[in-house]
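Subject: The structure I promised you

Hi there,

Here is the structure we talked about, ready for you to open. My notes on what turned up follow just below it.

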Amino acid sequence: MNALQRHRRLTTIWASDPGLRGWFTTVNHTDLGRMFLMASFFFFIVAGILAMLIRAQLATPHSAFAGPEIYNQIFTMHGVIMMFLFAIPTFEGLVVYLLPKILGTRDLAFPRLTAYGFWCYIFGGTMMLVSMLLGIAPDGGWFMYPPLTGPLYSPGINTDFWLIGITFVEISAIAAAVEITVSILKYRAPGMSLDKMPIFAWYALVTALMILTGFPPLILGSVLLEVERAFGFPFFQADLGGDSLLWQHLFWLFGHPEVYIIFLPAAGVISTVLPVMCRTTLLGYGWIVAAAVALAFLSFGLWVHHMFTTGIPHMGLAFFSAASTLVAVPTGVQIFAWIGTMWRGRPELRMPMLHLLGFFVTFVIGGLTGVMVAVVPFDWQAHDTAFITAHLHYVLFGGFVFPVLAGLYYWMPHVTGRKRFFRLGEFAFGMIFVGFHVTFLAMHWVGLLGQRRRIPTYAPEDGWTAVNLISSVGSFVMAIGIAMVLIDVILNVVTAVRGTRNPWGAGTLEWAMIQPAPAYNFASLPHVTERDPLYGTPDMALRLARGEGYLGEPRRDWRETVTVDIASGRPDFHVIYPANTRLPIVMSAVTGLFFLSLLLKAYWITPFAMAGVAVLAWRWVWSLGRKEDIGPQAIGQDITVPHAAQVARAPGWWGSVFLLTANATFFGSLLFGFAFLWTVAPGWPPTEWLPASLWELGLGLLGAALAPAAMHGASRALRRGGRPRLGLALAFGGTGMLAVSVGAMMLHTPPPVEHAYNATLFVLGGYAMFHVTLGALMIGFLAARVRRGYASAARQSEFPIVTLWIDYLAAVGALALLAGHLPGLLA
């Protein structure tokens with residue numbers, strides 16, 4: 001088989017469905033990455049238009065451009081769209097498109113999960129836009145502080161759009177984070193050990209892990225506030241044992257890491273593009289990886305610096321102020337490594353390099369103002385002024401948008417296969433850079449003069465008129481520059497001027513393929529022995545096209561790849577991907593119906609939607625099974641590896657590990673909230689405890705011990721060629737015992753509307769009951785698989801996955817029961 005025949009054969013196997021149908025059935029990461037990026041930039045345009053409306057309103061005093069109610073919706077939606085519908089999805093789109101290419105593989109770990117996350121993002125984002133078009137958009141600020149957003153002060157549906165819509169959108173982020181983490185750890189080119197990974201992959205891995213541990217607190221806060229609004233559970237009402245500061249803690253446990261979740265992927269772009277623009281290699285690879293990891297850890301210890309004015313103890317002020325200044329150290333390490341890379345190289349002022357220079361100037365200013373607001377006395381003066389808004393934009397626009405535009409111009413030849421012809425980009429960069437600094441330097445100034453955030457107008461005698469007018473003029477200059485970038489990209493996409501392969505002379509693997517990228521990425525998978533493979537092997541693209549790598553011969557219409565050992569990069573098993581399907585879009589639509597039923601208070605639809613999700617999830621997993629054993633597979637280079645269905649830790653096991661990481665963070669945040677209210681909120685202890693019952697507690701703990709023990713026994717029986725049915729039956733009985741105990745706790749809990757203790761206990765029970773139901777469904781699924789012949793001593797990969805979930809179910813069920821019964825027993 002020659003290279004052309006191989007290309008045609010692989011294209012037939014990997015291509016998306018033709019025509020419009022392909023948009024809705026594709027699971028190919030290249031298509032989905034492009035779709036993510038197009039959607040995120042559409043939302044960026046929408047948010048930019050809203051920003052222009054804000055600056056038009058503030059350009060002159062006593063402006064009648066928009067009334068207070070509409071203005072509140074405008075500035076809220078600007079922040080919501082930029083943070084949730086542009087920044088994070090742009091990272092997702094870039095990584096979804098790029099990651100398999102730079103890692104030297106053919107797709108991400110779970111292609112259908114990628115598609116499901118994308119459609120959840122589209123439906124959730126559409127829900128937010130519809131609310132804006134109907135004039136009922138969120139209007140409490142993008143951080144939604146109660147009691148302003150509680151049922152008393154925000155009785156309409158506006159706040160519910162934020163709480164439910166954002167939770168829906170964040171399903172996409174969690175799905176992408178699981179996908180990215182497993183893909184980086186397991187789906188790499190053979191030979192690519194951790195120390196040979198492209199620097200962009202390191203940044204993506206750190207960011208994905210931050211999403212898994214940073215987003216669950218916000219999801220929990222959204223759930224609690226929506227339950228309070230819908231059912232009257234008083235989590236944030238001080239007169240009933242709640243505390244509005246609980247929301248701030250949960251929100252900023254997400255909100256501060258969110259800044260670094262946005263910055264770190266952009267830093268990955270810088271570390272990838274900058275050495276190529278400087279004709280050298282990256283200086284301090286190990287130091288940069290260590291700095292990114294340190295930045296991730298430190299970012300989770302800084303959330304309280306958003307709350308310096310809430311009256312926290314002075315010791316806490318000192319600790320978090322010191323931690324907030326310490327975060328400048330790993331950031332400085334990266335900055336100096338980039339400067340060193342430029343110093344030892346020969347920088348060329350091509351289009352990506354211009355935006356990187358714009359990043360350096362802008363981000364350093366934003367970092368310096370960040371150190372300023374980390375100092376408590378200054379923060380007390382600047383808090384909630386336009387100075388803080390300006391600082392945020394310097395960090396986020398400078399630290400994200402400039403690098404993203406650099407990446408856009410750098411990878412545009414890869415996406416289009418064409419070279420730049422029109423040269424609007426240079427003029428656009430000048431207008432963006434000048435317009436941005438005029439806008440936000442003026443905003444720093446007017447903030448120091450005392451202008452508050454989120455005000456719809458001001459009086460002439462305040463003395464802010466000239467500064468606000470300058471800021472507004474600068475913002476429109478910047479907007480024109482961004483519009484010119486979009487025009488430049490469109491013109492260069494439609495201009496039929498074919499480019500050369502690897503026009504920048506880069507050393508990473510994404511340039512070792514046809515451009516634009518084929519559906520299968522690589523005709524055969526490379527073996528990697530160095531960090532920049534194309535520098536050491538300039539003819540790698542030709543060798544791979546001739547099938548000289550791994551899996552060079554297509555067979556049985558399989559979409560196949562290999563996974564590797566996490567540390568060494570040694571091939572460990574063979575994977576067959578699923579084909580194109582409508583299942584992700586249908587499942588995301590049914591998931592959207594669930595959230596829509598909550599939004600519209602049509603609660604009779606909710607159980608049907610939940611049942612629909614369960615049925616589709618069952619169908620999703622069932623379609624992956626096989627009734628015949630797939631023996632060890634030859635992957636080339638005289639290497640044979642087992643198939644993924646015949647190993648204990650298949651990709652699904654790794655995906656479950658990281659999904660449960662997010663799940664455990666959610667549960668830990670719930671326990672944190674319980675402890676916070678217990679120790680800080682007024683009205684504690686409650687007047688009435690849950691009636692403690694040793695019998696109910698003992699039954700639940702016995703079930704929590706029996707279910708995982710029985711599941712482990714069933715797994716061992718299957719591996720030895722025996723029958724796992726007895727173990728499955730006992731595991732199901734254990735979950736039943738746990739369900740009875742948790743149900744009794746929920747039934748005996750005092751009315752949840754009377755006190756935050758009751759409400760929190762009820763939510764703990766509901767969380768445990770959800771996992772009991774999920775565990776029972778999983779055990780039933782395994783029983784059905786055994787009965788239908790889908791499981792054997794060889795095909796046993798599904799049992800460790802379910803065992804992992806049952807272990808987690810037992811742990812959270814036991815903790816929920818102990819949290820409910822122990823206070824009553826001790827009292």
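Let me begin with Thr-369, which is buried, with a relative accessible area of 8%. Please keep in mind throughout that this is a predicted model. Thr-369 is part of helix 12 (residues 351-373). Its side chain and that of His-391 are joined by a polar contact of 2.9 Å. Leaving aside residues up to four places away in sequence, Thr-369 touches Phe-387, His-391 and His-444.

Now the overall layout. The domain assignment of the chain gives domain 1 (3-12 + 25-495) and domain 2 (685-826). Their C-alpha centres are 39 Å apart, and nine residues of domain 1 are in contact with nine residues of domain 2.

Next, the nonpolar cores. Which residues touch the most other members of the largest one? They are Trp-162 and Trp-338, in a core of 265 residues. Helix 4 (residues 68-103) is the element that gives the most to this core, contributing 22 residues. Domain 1 and domain 2 each supply at least three residues to this core. If you want a place to zoom in, try Trp-338: not counting residues up to four places away in sequence, Trp-338 touches Tyr-203, Phe-263, Ala-267, Ile-270, Ser-271, Leu-274, Leu-282, Ile-288, Phe-359 and Phe-360. Another core, of 13 residues, lies apart from the largest one, and its members include Phe-161, Ile-164, Phe-168 and Met-587.

Met-587 leads us to helix 19 (residues 583-599), where it is one of the buried residues. Helix 19 has 17 residues and reaches 24 Å from its first C-alpha to its last, close to the 24 Å expected at 1.5 Å a residue. Its buried residues are Leu-583, Pro-584, Ile-585, Met-587, Ser-588, Val-590, Thr-591, Gly-592, Phe-595, Ser-597 and Leu-599. What do these buried residues pack against? Their partners are helix 2 (21-25), helix 5 (111-133), helix 6 (158-186) and helix 20 (606-622). Just after helix 19, Lys-601 has a positive phi of about 60°.

On to the charged pairs. The structure holds 17 salt bridges, and I picked out three for you.

- Arg-454 and Asp-384 meet through their side chains in a salt bridge of 2.8 Å, N to O. Arg-454 sits in the loop between helix 15 (424-448) and helix 16 (465-494), and Asp-384 in the loop between helix 13 (376-382) and helix 14 (386-416), so the pair ties together parts that are 70 residues apart in sequence. Arg-454 is partly exposed, with a relative accessible area of 30%, and Asp-384 is partly exposed at 24%.

- Arg-420 and Asp-488 form a salt bridge of 3.6 Å, N to O, between their side chains. Because Arg-420 lies in the loop between helix 14 and helix 15 and Asp-488 in helix 16, this pair ties together parts that are 68 residues apart in sequence. Arg-420 is buried, at 15% relative accessible area, and Asp-488 is buried at 0%.

- Glu-798 and Arg-785 have side chains that meet in a salt bridge of 2.6 Å, N to O. Glu-798 lies in helix 25 (residues 798-826) and Arg-785 in helix 24 (residues 756-788), so this pair ties together parts that are 13 residues apart in sequence. Glu-798 counts as buried at 18% relative accessibility, and Arg-785 is buried as well, at 0%.

There is also a network: salt bridges that share partners join Asp-160, Glu-226, Arg-229 and Lys-601. Lys-601 is the residue with the positive phi just after helix 19.

Arg-229 deserves its own paragraph. Is Arg-229 buried or exposed? Arg-229 is buried, with a relative accessible area of 12%, and its place is in helix 7 (residues 199-231). A polar atom of its side chain lies 2.8 Å from the backbone oxygen of Thr-149, and the backbone oxygen of Gly-150 lies 3.3 Å from a polar atom of that side chain. Not counting residues up to four places away in sequence, Arg-229 touches Thr-149, Gly-150, Pro-151, Ser-154, Pro-155, Gly-156, Thr-159, Asp-160 and Leu-163.

Happy browsing, and write back whenever you like.

Best wishes

Technical notes. Residues are numbered from 1 along each chain as its sequence is written. This is a predicted model: local features need pLDDT of at least 70, side-chain atom pairs count only at pLDDT 80 or more; totals for chains, interfaces and linings use all residues. Side-chain values use heavy atoms; hydrogens and water are left out. A nonpolar core is a set of buried Ala, Val, Leu, Ile, Met, Phe, Trp, Tyr and Cys residues joined through side-chain atoms within 4.5 Å. Buried means under 20% relative accessible area, exposed over 50%, partly exposed in between (1.4 Å probe, protein chains only). Helices (H or I, at least four residues) and strands (E, at least two) are DSSP runs, numbered from the N terminus. Domain bounds come from an automatic or database domain assignment. Contact means heavy atoms within 4.5 Å. A polar contact is a pair of N or O atoms within 3.5 Å; within protein, one must be able to donate a hydrogen and the other to accept it, and residues adjacent in sequence count only if both atoms are side-chain atoms. The expected span of a helix is 1.5 Å times one less than its number of residues. A salt bridge is a side-chain nitrogen of Lys or Arg within 4 Å of a carboxyl oxygen of Asp or Glu.
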